[in-house]
Amino acid sequence: MRPTLKSGVTYSHNEPPDASQLLGLFHQAPWAKARSLDDAKEMLRHTDLTLCAWQGERLIGFGRVLTDFVYRATIWDVIVDRTYQGQGVGTEIVRRILDHPRLNRVELFWLCTRRPGFYEKLGFSAKEQIGMVWSRSRNSHLE
Ligand SMILES: CC(C)(COP(=O)(O)OP(=O)(O)OC[C@H]1O[C@@H](n2cnc3c(N)ncnc32)[C@H](O)[C@@H]1OP(=O)(O)O)[C@@H](O)C(=O)NCCC(=O)NCCS
């Protein structure tokens, strides 16, 4: 069941989206445009929670969570179709993740972003912790 909002955009969290629709979104983002269908399917199989935004049957926004449901949750791949950006869809996706009943025991949400301004408006802070990443492609010379 997808409740309708005034903009006509609806949100769902019960089932993962079709991987091929999701790739359509991923291919709009520089950090995800090389992703393959097989990898996206595998990723969805192992993701704890997905949040989708829809315009009719069209997937227009996405975000996902990996978590232990108690101490930590990480938010990944928040993306809104470029024709729908700036209309509050990204904010709604993140809010629905933070307010999700299955995540209401989680002590700390963490994410890695190139868009800190967007997340600061939602209450995220970069001040308390330093995020570090290890990239397989960038470190291949060490192997
Ligand atoms: C970043 C993104 C998810 C935001 O979604 P959106 O639906 O466009 O955002 P909203 O309309 O909910 O914007 C909410 C607020 O954040 C601001 N905002 C949006 N994108 C921003 C950005 N890149 N930097 C700073 N602020 C931003 C908006 O101006 C708005 O502020 P306001 O409420 O004062 O008007 C979306 O633009 C996107 O998919 N971008 C490309 C993919 C990407 O970079 N994802 C982030 C991965 S970490």
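The following exercises, each with a worked solution, concern a predicted model of one chain with its ligand.

**Exercise 1. Describe the order of the secondary structure elements along the chain.**

Begin with the count: the secondary structure comes to four helices and five strands. Then read from the N terminus on, where the elements run β-α-α-β-β-β-α-β-α.

**Exercise 2. Work out whether the radius of gyration of the chain agrees or disagrees with that of a compact globule.**

Start from the length of the chain, since for 143 residues a compact globule would have a radius of gyration near 15 Å. The chain itself has 15 Å, and therefore the two agree. For the extent in each direction, turn to the C-alpha trace, which spans about 50 × 35 × 25 Å along its principal axes. Finally, consider how the chain contacts itself: among contacts with a separation of 6 or more, 55% are between residues 24 or more positions apart.

**Exercise 3. Identify the residues with the most contacts inside the largest nonpolar core, and the elements that build this core.**

As a first step, note that 19% of the 143 residues count as buried. In soluble globular proteins, nonpolar side chains tend to be buried together. Here the largest nonpolar core has 20 residues, and Ala53, Val89, Ile93 and Ile97 are those with the most contacts inside it. Two or more residues each come from helix H1 (19–26), strand E2 (49–55), strand E3 (58–67), E4 and H3, and of these E4 gives the most, with five residues. To follow one member further, take Ile97, which touches Leu51, Gly63, Val65, Ile75 and Leu103 when residues up to four places away in sequence are not counted.

**Exercise 4. Determine which residues are closest to the ligand and how the shell around the ligand divides by residue type.**

The ligand is surrounded by 17 residues, of which Gln85, Gly90, Thr91, Thr113 and Gly117 are the closest. Sorted by type, the shell holds six nonpolar, eight polar and three charged residues. Looking next at the elements, one finds that strand E4 (72–80), helix H3 (89–98) and helix H4 (116–120) each supply at least two residues of the shell. E4 and H3 also give residues to the largest nonpolar core.

**Exercise 5. Decide whether Glu15 is buried or exposed.**

Locate the residue first: Glu15 sits in the loop between strand E1 (9–12) and H1. Next apply the cut-off, by which a residue is exposed if 12 or fewer other C-beta atoms lie within 10 Å of its own. Glu15 has 9 C-beta neighbours inside 10 Å, so Glu15 counts as exposed. As a last step, compare positions in space and sequence: the C-alpha atoms of Glu15 and Leu49 are separated by 8.3 Å, although these residues are 34 residues apart along the chain.

How values were computed
Residues are numbered from 1 along each chain as its sequence is written. This is a predicted model: local features need pLDDT of at least 70, side-chain atom pairs count only at pLDDT 80 or more; totals for chains, interfaces and linings use all residues. A residue is near a molecule or strand if its C-beta atom, placed from the backbone, lies within 6 Å of it. Ala, Val, Leu, Ile, Met, Phe, Trp, Tyr, Cys and Pro count as nonpolar, Asp, Glu, Lys and Arg as charged, and the others, Gly among them, as polar. A nonpolar core is a set of buried Ala, Val, Leu, Ile, Met, Phe, Trp, Tyr and Cys residues joined through C-beta atoms within 7 Å. Two residues are in contact if their C-beta atoms, placed from the backbone, lie within 7 Å. The radius of gyration is taken over C-alpha atoms; the globule rule is 2.2 Å times the number of residues to the power 0.38.
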